[in-house]
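Please open the model in a viewer and keep the sequence panel visible. The tour proceeds by selections, each followed by a description of what is found there.

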Amino acid sequence: MLDTAKTTDTQVETLLEVNNIEVIYNHVILVLKGVSLSVPKGGITALLGGNGAGKTTTLKAISNLLHSERGEVTKGSVSYRGERVQDLDPAALVQKGVIQVMEGRHCFEHLTVEENLLTGAYTRNSAAETAQDLEMVYNYFPRLKERRRSQAGYTSGGEQQMVAIGRALMSRPECILLDEPSMGLAPQLVEQIFGIVKSLNEEQGYTFLLSEQ
């Protein structure tokens with residue numbers, strides 16, 4: 001069973017809306033049915049549920065990453081800023097301002113920390129703005145600045161989670177989908193990362209939809 005919790009005022013506009021979606025894998029396996037949620041602009045919304053409840057599938061349905069796993073949204077709709085987006089290419093959705101940070105802290109292991117961060121800016125055209133945003137990421141994650149020339153595959157789990165979030169920030173998103181950012185991390189690191197998420201929301205205005213158990 002999935003549930004949502006929000007930290008926002010009631011009069012804020014809806015940025016992202018999922019309306020009664022159904023997801024099927026391999027044309028026969030029903031994974032989600034009747035899932036609806038709304039994400040208010042400038043808020044933090046949590047998608048809560050146990051292991052196997054469908055949290056990751058829900059986020060992938062929003063970010064259009066299901067097709068790589070032979071999944072598809074067969075009913076319902078996903079809207080961003082009032083526009084149906086479920087048929088968009090994932091890269092086009094990123095350009096519109098929605099990006100997902102996958103569970104498991106995916107990094108390009110053989111690239112340095114800084115090279116990983118810069119891959120998040122591949123859609124950007126201004127070198128000056130990219131450099132400015134890189135400094136912003138380093139301000140929120142000073143540990144990454146210390147390790148910027150280290151190979152990402154040799155950094156700690158917490159540092160790799162920071163890299164994954166920082167790389168998403170480099171695309172200048174409006175809405176960030178965070179899939180179980182606390183997975184496998186020590187409680188102290190979890191508290192630190194959620195503190196940074198809260199700061200990014202309050203100081204930079206990022207909207208977050210995050211899934212957790």
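Begin by selecting Arg 124 together with the residues around it. Setting aside residues up to four places away in sequence, Arg 124 touches Glu 129, Thr 130, Asp 133, Met 170, Ser 171 and Arg 172. The model is a predicted one, and Arg 124 is placed in the loop between α3 and α4. Is Arg 124 buried or exposed? Its relative accessible area is 15%, so Arg 124 counts as buried, the cut-off for that class being under 20%. For a sense of scale, add Ala 61 to the selection: the C-alpha atoms of Arg 124 and Ala 61 are 25 Å apart in space, and the two residues are 63 apart in sequence.

**The whole chain**

Next, clear the selection and display the protein as a cartoon. Its secondary structure comes to 7 helices and 9 strands. Along the principal axes, the C-alpha atoms fill a box of roughly 45 × 35 × 35 Å. The radius of gyration is 17 Å, which agrees with the value near 17 Å expected of a compact globule with 213 residues. Of contacts between residues at least 6 apart in sequence, 73% join residues at least 24 apart.

Now switch to a surface display. The protein exposes about 10700 Å², with carbon and sulfur atoms supplying 47% of that area. Buried residues account for 48% of the 213 residues. Colouring by charge brings up 20 positive and 26 negative side chains, and the centres of these two sets lie 2 Å apart.

**The largest nonpolar core**

In soluble globular proteins, nonpolar side chains tend to be buried together. To see the case at hand, hide the surface and select Phe 141, Leu 144 and Leu 169, which touch the most other members of the largest nonpolar core, a set of 35 residues. The elements giving two or more residues to this core include the helices α3 (113-119), α4 (127-140), α6 (157-169) and α7 (187-204), as well as the strands β4 (44-48), β7 (98-101), β8 (175-179) and β9 (207-212). Which element supplies the largest share of this core? That element is α6, with 6 residues.

Centre the view on Phe 141. Beyond its neighbours within four places in sequence, Phe 141 is in contact with Met 162, Ile 165, Gly 166, Leu 169 and Ile 196. Another core, of 23 residues, lies apart from the largest one; Leu 16, Val 23, Leu 37 and Tyr 80 are among its members.

**Strand β9**

Move to Leu 210, which lies in strand β9. Leu 210 is buried, because its relative accessible area is 6%. Residues up to four places away in sequence left out, Leu 210 touches Ile 44, Thr 45, Ala 46, Leu 47, Leu 178 and Phe 194. A distance label drawn from Leu 210 to Asp 179 should read 5.8 Å between C-alpha atoms, although 31 residues separate the two along the chain.

**The loop between β2 and β3**

Finally, select Asn 26 and His 27. Asn 26 sits in the loop between β2 (14-25) and β3 (29-40), and His 27 lies in the loop between β2 and β3 as well. Most residues other than glycine have a negative phi. Phi of Asn 26, however, is positive, near 55 degrees, and phi of His 27 is positive too, near 70 degrees. How accessible is each of them? Asn 26 counts as partly exposed, because its relative accessibility is 32%, whereas His 27, at 63%, counts as exposed.

Technical notes
Residues numbered from 1 in each chain as written. Predicted model: local features only at pLDDT ≥ 70, side-chain atom pairs only at ≥ 80, totals over all residues. Heavy atoms only, no water. Helix = DSSP H or I, 4+ residues; strand = E, 2+ residues; numbered from the N terminus. Rg over C-alpha atoms; globule rule 2.2 N^0.38 Å. Buried < 20%, exposed > 50% of the residue type's maximum accessible area, 1.4 Å probe, protein only. Contact = heavy atoms within 4.5 Å. Areas by Shrake-Rupley, 256 points an atom, 1.4 Å probe, with all protein chains shown as cover. Lys, Arg positive; Asp, Glu negative; His and termini not counted. Charge placed at Lys NZ, Arg CZ, Asp CG, Glu CD. Core = buried A, V, L, I, M, F, W, Y, C linked by side-chain atoms within 4.5 Å.
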